[in-house]
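Please look over the sequence and the model below before reading on. The briefing that follows takes up two topics, the packing of a pair of helices and the lining of a pocket.

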Amino acid sequence: MTILLGLIITLVCMLGGFTAMGGHVWVIWQPWEYVIICGSALGTFVVANPMKTIKDSGKAAFEAFRNDTPTQEENIELLALLFFMMRELRDRSRAEMEMIIDAPQDAEVFKRSPTVTANEELTTFICDYFRLIIMGNARTHEIESLMDEEIETVRHDKLKAYHALVAVGDGLPALGIVAAVLGVVKAMGAIDQSPEILGHLIASALVGTFAGIFFSYAVVGPLATKVKIVREKKMRSYVIVKQSLLAFMNGAMPQVAIEHGRKAISAYERPTINEVESATMGGGAGNKQGQERKAA
């Protein structure tokens, strides 16, 4: 919504100011100039990026329009999942834990966290490091180094769409000049026409320069920035998992370990301790399962 709102404000101010100066808005409507600029930009985008990045750029733009970042409820759900997994690790045998890790979609502990399970990459990240923990002989500093490397790799992949859009935004002003030059070439072909016709052709050509700069700095550039913000916020989930598991490996109790993860959340999005405790220690399904095991 903020992207649409920003574009509306930009267009209203730009067109309104142009009209107030005595300009005619209809002059700006030069569809073939836009076809040249946008088509060339799309072509260079396809040339410069593999198909996977092209598809991911569309997905990233959709996420940016939706502002699809983890909500406070989703962060609580992630912390609760980590808490229950840590507790299961202490209460269950290695064979039982391997069954959960090998098929998380069938495990009850994961079924209570649908937003986490829906993110296959994050689910795999969690299961992989719990698997390393149950294998034993895992040194905390080695796991931390491995996590850092994997998180950096994931971050690099997730920001490919951002860098692709930035490259397009940087090239749009030049493509606008190309469209303008073509318009001038057309105008020079009509040099024997009346000044009114020639002036119209030159004005149409200059629209290309305007459009290239506008699309670069008012559309594609801000969209790329929004993509980066959204993707980096989504990456915080991996840091939450990392901090929680490292604290657990260093001997912290599950409820203390997830506090390390909670502190990795931005202050204005961070759930309170009471909210996290109510999700983990409030007698949910996970606690019920633990009571049944102890009774057995």
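**Two helices in contact**

In this predicted model, the residues Ile 258, Glu 259 and Arg 262 of helix α12 meet Ile 273, Val 276 and Thr 280 of helix α13. Sorted by class, this contact of α12 with α13 is made up of three nonpolar, one polar and two charged residues.

**How the helices are arranged**

- Two packed helices are described by the angle between their axes together with the distance between those axes.
- Helix α12, which covers residues 254-262, packs against helix α13, which covers residues 273-280, at an angle of about 135 degrees, and their axes lie 11 Å apart.
- An angle over 115 degrees but not over 145 counts as oblique, and α12 and α13 are therefore oblique to each other.
- Where α12 passes α13, the crossing is right-handed.

**The largest pocket**

- Rolling a probe the size of a water molecule over the atoms shows where empty space is left.
- The largest pocket in the model has a volume of about 960 Å³.
- This largest pocket is lined by 35 residues, of which Lys 59, Asn 119, Glu 121, Lys 158 and Lys 234 are the closest to its centre.
- Two or more lining residues are given by each of the elements α3 (51-66), α4 (72-91), α7 (114-118), α8 (120-135), α9 (140-158) and α11 (195-249).
- Helix α3 supplies the largest share of the lining of the largest pocket, namely seven residues.
- When the lining of the largest pocket is sorted by class, there are eleven nonpolar, eight polar and 16 charged residues.

Technical notes:
Residues are numbered from 1 along each chain as its sequence is written. This is a predicted model: local features need pLDDT of at least 70, side-chain atom pairs count only at pLDDT 80 or more; totals for chains, interfaces and linings use all residues. Side-chain values use heavy atoms; hydrogens and water are left out. On a 1 Å grid over the protein atoms alone, a cavity is a set of points where a 1.4 Å probe fits but cannot get out, and a pocket is an open set with protein on both sides within 12 Å along at least five of seven lines; lining residues have an atom within 4 Å of a point. Grid points are joined across faces, edges and corners, and a volume is the space filled by probe spheres set on the points. Helices (H or I, at least four residues) and strands (E, at least two) are DSSP runs, numbered from the N terminus. Ala, Val, Leu, Ile, Met, Phe, Trp, Tyr, Cys and Pro count as nonpolar, Asp, Glu, Lys and Arg as charged, and the others, Gly among them, as polar. Axes are lines fitted to C-alpha atoms, for helices over the stretch in contact, and angles run from 0 to 180 degrees between N-to-C directions. Angles under 35 degrees count as roughly parallel, over 145 as roughly antiparallel, 65 to 115 as roughly perpendicular and the rest as oblique. A crossing is left-handed if the near helix is turned anticlockwise from the far one by less than a right angle, and right-handed if clockwise. Contact means heavy atoms within 4.5 Å.
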